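Hi,

Here is the structure I said I would pass on. Have a look at it first, and then read on for what I found in it.

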Amino acid sequence: MGDILGEAIVFVILNVIGGTIRWLIASGWRFIFNTPKLTYKEYLFDHDNDELNYDSIYTYVNIALGIGFIVLVVLGISKI
């Protein structure tokens with residue numbers, strides 16, 4: 001039971017990190033080109049519903065970005 005809970009916590013943390021990165025990049029991009037902005041919640045969750053959907057492609061993109069960010073941070077720290 002602890003393994004499942006631990007994996008869920010890591011999954012949510014990586015989703016939040018990746019969603020935040022997507023939101024920051026897209027907000028800057030949309031500001032530069034003056035296009036309509038989406039809310040932070042739409043980057044964190046799916047565009048169609050307001051709850052965490054583990055089968056959404058956006059969730060997997062968020063997790064991939066979260067893993068990439070953590071790898072870059074660890075590599076950056078190890079170089080110091």
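Going from the N terminus, the elements run α-α-α. That makes 3 helices and 0 strands in the protein. Please keep in mind that this is a predicted model.

To get your bearings, start with the overall dimensions: the C-alpha atoms fill a box of roughly 45 × 40 × 15 Å along the principal axes. The protein has 80 residues, and 21% of them are buried. As for contacts, I looked at those with a separation of 6 or more, and 55% of them come from residues 24 or more positions apart.

Now the outside. The accessible surface comes to about 5900 Å², and carbon and sulfur atoms hold 72% of that. On the charge side, there are 5 positive and 8 negative charges, and the mean positions of the two sets sit 16 Å apart.

There is also a nonpolar patch on the surface, made of Phe69, Ile70, Val73, Val74 and Ile77. Together these residues offer about 420 Å² of accessible area. If you want one of them to click on, try Ile70, which lies in helix 3, residues 57-79. Is Ile70 buried, exposed or partly exposed? Its relative accessibility is 36%, so Ile70 counts as partly exposed. For that label, a residue has to fall between the 20% cut-off for buried and the 50% cut-off for exposed.

Next, a loop residue. Asn34 sits between helix 1 (2-32) and helix 2 (40-44). What caught my eye there is the backbone: phi of Asn34 is near 55°, which is a positive value in a residue other than glycine. Asn34 counts as exposed because its relative accessibility is 67%.

Last, helix 1 itself. Ala8 is found in that helix, and with a relative accessible area of 31% Ala8 is partly exposed. How far apart in space are Ala8 and Gly18, C-alpha to C-alpha? The distance between Ala8 and Gly18 is 15 Å, for 10 residues of separation in sequence.

If you only have a few minutes, I would go to the patch around Ile70 in helix 3 and then to Asn34 in the loop between helix 1 and helix 2.

Cheers

Definitions and conventions. Residues numbered from 1 in each chain as written. Predicted model: local features only at pLDDT ≥ 70, side-chain atom pairs only at ≥ 80, totals over all residues. Heavy atoms only, no water. Helix = DSSP H or I, 4+ residues; strand = E, 2+ residues; numbered from the N terminus. Buried < 20%, exposed > 50% of the residue type's maximum accessible area, 1.4 Å probe, protein only. Contact = heavy atoms within 4.5 Å. Areas by Shrake-Rupley, 256 points an atom, 1.4 Å probe, with all protein chains shown as cover. Lys, Arg positive; Asp, Glu negative; His and termini not counted. Charge placed at Lys NZ, Arg CZ, Asp CG, Glu CD. Patch = residues over 30% accessible without salt bridge, like charges linked within 9 Å, V, L, I, M, F, W, Y side chains within 5 Å. Salt bridge = Lys/Arg side-chain N within 4 Å of Asp/Glu carboxyl O.
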